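User: I would like a close look at a single part of this model, set in the context of its chain. Please keep it brisk.

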Amino acid sequence: MKIHIVQKGDTLWKIAKKYGVNFEELKQMNTQLSNPDMIMPGMKIKVPAAGGAIKKEAPIGGGAPQAKINMGSKKEMPITDHPFAKEKPIPAPEQPVPAPQPPKQEMPKMEAPKQMP
């Protein structure tokens, strides 16, 4: 068993890949994590021994020929234009905007003086 100290950007998935171990096994070995999806830098993660050191490429030349496993090429999503990219916007008909008029001011109304009898 090894101990991995989490660095910024690490995820359990990335750690499992780095050490060549099964993700589920890594998750089960670290039951101290309340939420395995939320690991933070500085945390210590237990990594099961994967039959040797960190996963490396197969040795080149010498030895018995090995069967090559084709994992397929990495497929990426095709880049497509936005569905409306080729359409041009229809201009809105221009309507004349009336010029602002100053507010009307009315003279205060005055009451006629009351006549005394």
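What is the mean pLDDT of the chain, and what share of its residues reach 70 or more? After that, take me through the loop between helix 2 and strand 2, starting with Asn30.

Analyst: This is a predicted model. The mean pLDDT of the chain is 76, and 73% of its residues reach 70 or more. One stretch needs care: over residues 52–58 the pLDDT is below 50. Beyond near neighbours in sequence, residues 52–58 still have ten contacts in the model. Where pLDDT is low, the predicted coordinates should not be read in detail.

Now the overall layout. The chain holds two helices and two strands. Along the sequence they run β-α-α-β. There are 117 residues in the chain, and 12% of them count as buried. The exposed area is about 12,000 Å², with carbon and sulfur atoms supplying 59% of it. Take the contacts between residues at least 6 apart in sequence: 59% of these join residues at least 24 apart.

Next, the loop itself. Helix 2 covers 23–29 and strand 2 covers 44–47. Asn30 sits in the loop between helix 2 and strand 2. Asn30 counts as buried because its relative accessible area is 2%, under the 20% cut-off. Its contacts, leaving aside neighbours within four places in sequence, are Lys44, Ile45 and Lys46. For Asn30 and Lys46, the C-alpha atoms are 6.2 Å apart, with the two positions 16 residues apart in sequence terms.

Gly42 belongs to this loop as well. Set aside neighbours within four places in sequence, and Gly42 touches Ile5 and Val6. Gly42 also lies 8.7 Å from Lys8, C-alpha to C-alpha, although the two are 34 residues apart along the chain.

Follow the Gly42 contact back to Ile5. Ile5 is part of strand 1, residues 2–5. Ile5 is partly exposed because its relative accessible area, 43%, falls between the 20% and 50% cut-offs. With Met1 and Ile3, Ile5 makes a nonpolar surface patch of about 320 Å².

One record entry remains. UniProt lists residues 10–26 as "domain: HTH cro/C1-type", in an unreviewed entry. In the model this span is 71% helix and 0% strand. The end C-alpha atoms of residues 10–26 lie 14 Å apart.

To recap the loop: Asn30 contacts Lys44, Ile45 and Lys46, while Gly42 contacts Ile5 and Val6.

Technical notes
Residues numbered from 1 in each chain as written. Predicted model: local features only at pLDDT ≥ 70, side-chain atom pairs only at ≥ 80, totals over all residues. Heavy atoms only, no water. Patch = residues over 30% accessible without salt bridge, like charges linked within 9 Å, V, L, I, M, F, W, Y side chains within 5 Å. Areas by Shrake-Rupley, 256 points an atom, 1.4 Å probe, with all protein chains shown as cover. Salt bridge = Lys/Arg side-chain N within 4 Å of Asp/Glu carboxyl O. Helix = DSSP H or I, 4+ residues; strand = E, 2+ residues; numbered from the N terminus. Buried < 20%, exposed > 50% of the residue type's maximum accessible area, 1.4 Å probe, protein only. pLDDT = per-residue confidence, 0-100. Contact = heavy atoms within 4.5 Å. UniProt positions renumbered as here; feature names shortened; annotations may be inferred.
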